[in-house]
Amino acid sequence: MSLTATAQAILRARDADFAALARLAGLDPKRHFRGADLRGVEFGNDDLSGFDFRDADLSGANLLRARGVEPAMFLGCRFNAATRAPPGLLGPAKPDWADTIGRDDYGVFVTIQVPALRGKPVTQLLRWIPPGRFTMGSPKNEPGRYPHEGPAHEVTIGQGFWLFDTPCTQALWRAVMGKNPSRFKSADRPVETVSFNRVQTFLTRINRAMPGLDLILPSEAQWEYACRARTKAATYAGPMVIVGERNAPVLDAIAWYGGNSGYVFELKNGRNSSGWPGKQYPHDRAGTLPVALKAPNPWGLYDTLGNVWEWCPDHWHDRYADAPIDGSAWVDPSRSGAVGRVIRGGSWFNDAPSLRSASRIAGHPTYCDDDLGFRCARVQA
């Protein structure tokens with residue numbers, strides 16, 4: 001919600017009683033400050049009990065002397081290095097490489113401003129993925145399971161990391177690389193038709209442009225751990241009941257897949273889907289959809305299942321026997337040449353079984369297609 005120019009001017013008055021000024025401006029403490037622009041506001045030594053600042057922008061604001069404040073009042077707020085607040089009120093300190101940091105119902109997040117070769121910078125949000133332990137792979141009785149998803153094994157993610165909340169968008173790719181290789185073009189759709197080798201070039205360029213950012217691809221274990229977000233079923237929304245080849249009702253709320261991706265697809269160059277069997281909804285052409293339209297997982301990650309497959313750096317192995325149990329990428333230095341890399345998550349094109357948290361396929365490093373993209377991670381020491 002945006003405040004009027006008059007209200008903004010009043011509330012930015014220095015060394016004044018914020019609560020009194022809010023009442024003077026006719027603002028409701030429980031309603032008018034959610035999502036408000038409060039950059040640079042001096043809150044002073046006044047009582048903020050009963051205010052709701054969720055989702056507001058507090059960049060440069062000063063809360064050091066305010067009374068009656070508690071963390072729940074500031075869920076989702078953005079703040080930066082210039083924001084002053086009591087320790088722990090807004091969350092952890094902002095990393096040097098981030099533009100803002102905040103916390104909401106899904107946890108801690110940061111944003112980065114990526115400079116563009118042409119045009120305005122592109123904002124990307126990253127979610128904090130806490131350390132933990134999980135069972136990687138699928139149980140033998142999971143519907144749609146393939147043998148290369150086992151044996152299921154316990155993995156410890158000893159170090160937390162940051163992860164893009166969406167697949168890399170075309171806007172971000174173009175900001176870094178200049179050209180957009182995607183078939184289904186729009187700035188808010190995931191970039192696709194990108195090979196593993198081309199993604200490495202993207203990572204090199206964005207890290208060179210933003211020293212200290214140090215983006216990488218998440219390992220296969222990190223990817224599945226983040227996708228599951230402490231859930232144990234076939235999907236983070238629950239078990240999968242496969243009604244038809246492209247019809248698993250649990251997927252409709254969380255993913256774009258072959259059963260629903262053409263139902264609202266609006267571009268003219270979609271792939272012909274009229275003959276796809278067992279679709280959840282009737283449609284004649286399909287392709288990618290804009291990111292973050294479906295419900296996120298419990299850690300606030302969108303499109304981990306569906307929309308586009310996502311590259312991981314691990315070499316392909318047919319089974320998890322002897323796989324690392326520390327979350328690191330399974331890369332074998334003795335395997336020379338162009339070794340296949342792991343691809344995760346399923347896509348707009350695929351059948352229902354491909355969109356399970358444990359689903360995995362392989363791709364040659366030069367392989368690219370209109371259902372294949374990626375998301376970036378940043379390991380935090």
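This short talk goes through one sheet, the helices beside it and two buried residues.

Please keep in mind throughout that what we have in front of us is a predicted model.

Let me start with the sheet, which is open and has six strands in the order S1-S2-S3-S4-S7-S14, with antiparallel pairing. Its edges are strand S1, residues 77-79, and strand S14, residues 377-379, each of which pairs on one side only. On average, and ignoring direction, neighbouring strands in this sheet are turned by 25° against each other. At the S14 end, strand S7, residues 161-164, runs antiparallel to S14 and is joined to it by three bridges, and the bridge partner of Leu163 in S14 is Ala377.

Helix H3 packs on this sheet, where it touches S3, S4 and S7, and its direction makes about 115° with that of S4. Helix H5, residues 220-228, lies across S4, S7 and S14, and runs at about 75° to S7.

Turning now to helix H4, residues 196-209, we have 14 residues that reach 20 Å from the first C-alpha to the last, close to the 20 Å expected at 1.5 Å a residue. Which residues of H4 are buried? They are Phe196, Val199, Phe202, Leu203, Ile206 and Asn207. Seen down the axis of H4, these buried residues fall within an arc of 120°, and therefore they line one face of the helix. As general background, an α-helix has 3.6 residues a turn, so residues three or four places apart point the same way. The cover over the buried residues of H4 includes strand S3 and helix H3, together with strands S10 and S11.

I would like to finish with two individual residues, beginning with Arg103, whose place is in strand S2, residues 100-104. Is Arg103 buried or exposed? Its relative accessible area is 19%, and because buried means under 20%, Arg103 counts as buried. Among the residues that Arg103 touches are Phe74, Leu75, Cys77, Val108 and Phe109. Polar atoms of the Arg103 side chain lie 3.3 Å from the backbone oxygen of Pro71 and 3.4 Å from the backbone oxygen of Leu89.

The other residue is Thr288, found in the loop between strand S9, residues 285-286, and S10. Thr288 is buried, with a relative accessible area of 0%. Leaving aside residues up to four places away in sequence, Thr288 touches Phe184, Arg189, Pro190, Glu192, Phe265, Asn307, Val308, Trp348 and Asp370.

Key. Residues are numbered from 1 along each chain as its sequence is written. This is a predicted model: local features need pLDDT of at least 70, side-chain atom pairs count only at pLDDT 80 or more; totals for chains, interfaces and linings use all residues. Side-chain values use heavy atoms; hydrogens and water are left out. Helices (H or I, at least four residues) and strands (E, at least two) are DSSP runs, numbered from the N terminus. The expected span of a helix is 1.5 Å times one less than its number of residues. Buried means under 20% relative accessible area, exposed over 50%, partly exposed in between (1.4 Å probe, protein chains only). The arc is that of the directions from the helix axis to the C-beta atoms. Contact means heavy atoms within 4.5 Å. Two strands pair if DSSP finds at least two bridges between them. Axes are lines fitted to C-alpha atoms, for helices over the stretch in contact, and angles run from 0 to 180 degrees between N-to-C directions. A polar contact is a pair of N or O atoms within 3.5 Å; within protein, one must be able to donate a hydrogen and the other to accept it, and residues adjacent in sequence count only if both atoms are side-chain atoms.
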